[in-house]
Amino acid sequence: MSDEIRRLIDAARQAARHAHAPYSRFAVGAALLLDDGSIVTGANVENASYGLSLCAETVAVATASAQGRLKDIVAIGVIGGAMDEAGHATGTTPVSPCGRCRQVINEAAQMGHRDVLVHCGAATGDAVTSYRLSALLPDAFGPSDLGIG
Ligand code: THU
């Protein structure tokens, strides 16, 4: 595993510790690498009105946007897994972003004119599968379709 991937997966694992996921008991953490080397993280935030829940990747992208850094996202690491009794994510199977999160990541990718790297990791272990966003969301609809970016 490269240093960059290790850093992102470690940060995503740390972020997952703050998941608010009492309903699914599935904790997800996401870490965004920005073009200056800094990292922005997020974790899923569920809601008693289940459909209002927010995914970790969406929370992380919204946080970067709120810091004025939407265009600066270079890569993302995501991990997730079923929570144990202590509330920690478990498991060795990599998690990849849901369809809605792929579209949210695409907004950042197109605004920054980058084919963002998406590193999908697990709560524990070294398994990581890496994709370009263009492979996860081919022929994406985005800002450029509306003449933006
Ligand atoms: N979840 C994420 O945070 N990211 C994804 O890409 C997939 C799903 C969250 C949503 C919900 O809180 C829990 O995982 C179970 O679906």
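## Ligand shell and selected residues

Leu54 is placed in the loop that runs between strand E2 (39-43) and H2. The structure is a predicted model, and the values that follow are computed from its atoms. With a relative accessible area of 37%, Leu54 is partly exposed, because a residue counts as buried only under 20% and as exposed only over 50%. Its C-alpha atom is separated by 9.9 Å from that of Ala21, although the two residues are 33 residues apart along the chain.

The ligand is the next topic. Where does the ligand sit? The ligand sits in the largest pocket, and the elements that give two or more residues to the shell around the ligand are strand E1 (26-34) and helix H2 (56-66). The residues around the ligand are Ser24, Phe26, Val28, Asn44, Glu46, Cys55, Ala56, Glu57, Ser96, Pro97 and Cys98. Sorted by class, this shell has six nonpolar, three polar and two charged residues. Among the residues of the shell are Glu46 and Glu57, which fall in the charged class because Glu is counted there together with Asp, Lys and Arg.

Three polar approaches to oxygen atoms of the ligand can be described one by one. An N or O atom in the side chain of Glu46 is 2.5 Å from an oxygen atom of the ligand, and a polar side-chain atom of Glu57 lies 2.7 Å from an oxygen atom of the ligand. For Ala56, by contrast, the atom concerned belongs to the backbone, where an N or O atom lies 2.9 Å from an oxygen atom of the ligand. Taken alone, the ligand exposes 370 Å², and the protein buries 77% of that area.

Two residues stand out by their backbone angles. Arg25, which is not a glycine, nevertheless has a positive phi of about 50°. Arg25 lies in the loop between helix H1 (3-16) and E1, and with a relative accessibility of 34% it counts as partly exposed. His113 is likewise not a glycine and has a positive phi of about 55°; this residue is found in the loop between helix H3 (99-111) and strand E4 (117-121). Is His113 buried or exposed? At a relative accessible area of 63%, His113 is exposed, because that value is over the 50% cut-off.

The remaining residues are considered by location, by accessibility and by a partner elsewhere along the chain. Val95 has its place in the loop between strand E3 (73-82) and H3, and at 16% relative accessibility it counts as buried, since the limit for that class is under 20%. Ala43 lies in strand E2 and, at 8% relative accessibility, also counts as buried. Ala60 lies in helix H2, and its relative accessible area of 0% makes it a buried residue. The table sets out the C-alpha separations for these three residues.

| Residue pair | Separation along the chain | C-alpha to C-alpha distance |
|---|---|---|
| Val95 and His119 | 24 residues | 9.2 Å |
| Ala43 and Ala27 | 16 residues | 7.5 Å |
| Ala60 and Ile76 | 16 residues | 9.4 Å |

Helix H2 thus appears in two settings: it is one of the elements giving two or more residues to the shell around the ligand, and it holds the buried Ala60. Strand E1, the other such element, has at its N-terminal side the loop from helix H1 in which Arg25 is located.

Conventions: Residues are numbered from 1 along each chain as its sequence is written. This is a predicted model: local features need pLDDT of at least 70, side-chain atom pairs count only at pLDDT 80 or more; totals for chains, interfaces and linings use all residues. Side-chain values use heavy atoms; hydrogens and water are left out. A residue is near a molecule or strand if one of its heavy atoms lies within 4 Å of it. A polar contact is a pair of N or O atoms within 3.5 Å; within protein, one must be able to donate a hydrogen and the other to accept it, and residues adjacent in sequence count only if both atoms are side-chain atoms. Accessible areas come from the Shrake-Rupley method with a 1.4 Å probe; for residues, only the protein chains shown count as cover. On a 1 Å grid over the protein atoms alone, a cavity is a set of points where a 1.4 Å probe fits but cannot get out, and a pocket is an open set with protein on both sides within 12 Å along at least five of seven lines; lining residues have an atom within 4 Å of a point. A molecule sits in a cavity or pocket if more than half of its atoms lie within 2 Å of its grid points. Helices (H or I, at least four residues) and strands (E, at least two) are DSSP runs, numbered from the N terminus. Buried means under 20% relative accessible area, exposed over 50%, partly exposed in between (1.4 Å probe, protein chains only).
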